[in-house]
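User: Please take a close look at the sheet in this model, strand by strand, and then at what packs around it and elsewhere. I would like the cut-offs behind each term as you go.

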Amino acid sequence: MSMILSASVVRVRDGLPLSASTDYDQSTGMQECRKYFKMLSKKLSQLPDRCTLKTGQYNINFISSLGVSYMMLCTENYPSVLAFCFLDELQKEFITTYNMMKTNTAVRPYCFIEFDNFIQRTKQRYNNTRSLSTKMNLADMQTEIKLRPPYQISLSELGSANGFAHLSVAEYEGTGKISAAPNQRLEPVTLPGIVSFVLSLLCGALNLIRGFHAIESLLQNEGEDFSYVIAFFLGTAACLYQCYLFVYYTGWRNAKSFLTFGLICLCNMYLYELRNLWQLFFHVTVGAFSTLQIRLRQPQGKSPDYNV
């Protein structure tokens, strides 16, 4: 019998489950699919915005939009058009019910568990296809899927260490791939992010001014250490690069931000004779705060266009 078995709502950037349908099936096949759900949740930011994973007798389908992914598990013979119409209904209702601020700041898993009521009602409707009154939507969805079919994830790709990062944008052009291209859009800027950006610019400006003063002192006194000039200008470059990482998406962005923070710490350790403890604390704290904001501002999921 073809049917939808379960569904869940997950945050894209970190895989945090926001809501899910109650699932009582404890069979071996279902337990295996739950493992695939968890693995997919951790890789959502690297995957296309519409995907299907075939695991044998079950299929996992999901769509991603505005930083939230809507996932469902169904039997292998459940129609793909109905599956994505079901997910589309979940997406529309969730976006209408909850604003982005709530989903972005959620900390506790399943903090929107009350959305389970809508998931269950919708699942019952889609499991009884005779009661569906969405023929027009189904026709539109069928056309959309033919024009841009969901990306078929293989189990080998799901288990790979780097996911889809090695594939080009052209390979996903017809599937809506959320690529790791340098021009990828990031999530909307938050107030803490703006504060960290301004403070990083301030620290960069302070380092730059002190660097020019160190050059003047070096020209006036031949005994001055030129390495202080290098440390100030390296600190300036590190602060400005943190601003760049906050604004633009690049490969290995998180690793770069941590290395940049390490450079800021090293520069301030070298300059401890020229700065008091409060100045050192300020520069290191701003660097740590900026690194955190870079980590929190993740790539934004593409909003799917289903024409329904």
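Analyst: What follows describes the sheet, the helices on it, two loop residues and a helix pair.

The model is a predicted one, in which local features need pLDDT of at least 70 and side-chain atom pairs count only at pLDDT 80 or more, whereas totals for chains, interfaces and linings use all residues. Residues are numbered from 1 along each chain as its sequence is written, and side-chain values use heavy atoms, with hydrogens and water left out.

Helices (DSSP runs of H or I, at least four residues) and strands (DSSP runs of E, at least two) are numbered from the N terminus. Six strands make up an open sheet of mixed pairing, in the order 2-1-5-4-3-6, where two strands pair if DSSP finds at least two bridges between them. Strand 2 and strand 6 (151-153) are the edge strands, each pairing on one side only, and from one strand to the next the twist averages 20°. For this and the other angles, axes are lines fitted to C-alpha atoms, for helices over the stretch in contact, and angles run from 0 to 180 degrees between N-to-C directions.

Strand 1 (residues 4-11) has eight of its eight residues buried, so this strand is largely enclosed by the rest of the structure; buried means under 20% relative accessible area, exposed over 50% and partly exposed in between, with a 1.4 Å probe and protein chains only. Strand 1 runs antiparallel to strand 5 (residues 68-75), to which seven bridges join it, and Ser6 stands opposite Leu73 of strand 5. Strand 1 is also antiparallel to strand 2 (residues 17-20), here with three bridges, and Val9 faces Ser19 of strand 2. The hairpin of strand 1 and strand 2 has five residues between the strands, and Gly15 in this hairpin takes a positive phi near 75°.

Strand 5 pairs in the antiparallel sense with strand 4 over eight bridges, and Cys74 of strand 5 is the bridge partner of Asn59. Helix 2 (residues 80-97) lies across strand 1, strand 2, strand 3 (50-54), strand 4 and strand 5, and runs at about 35° to strand 4. Helix 4 (residues 116-127) also packs on the sheet, where it touches strand 1 and strand 2, with a direction about 145° from that of strand 1. Contact here means heavy atoms within 4.5 Å.

Two loop residues deserve a separate look. Most residues other than glycine have a negative phi. Leu66, in the loop between strand 4 (58-65) and strand 5, has a positive phi near 55°, and its 28% relative accessibility is why Leu66 counts as partly exposed. Trp252, in the loop between helix 8 and helix 9 (253-270), likewise has a positive phi near 55°, but Trp252 is exposed, with a relative accessible area of 73%.

The helix pair comes last. The axes of helix 8 (residues 226-247) and helix 10 (residues 277-296) come within 9 Å and cross at roughly 20°. These two helices are therefore roughly parallel to each other, given that angles under 35 degrees count as roughly parallel, over 145 as roughly antiparallel, 65 to 115 as roughly perpendicular and the rest as oblique. Gln242, Leu245 and Phe246 of helix 8 make the contact with Gly287, Ser290, Thr291, Gln293 and Ile294 of helix 10.
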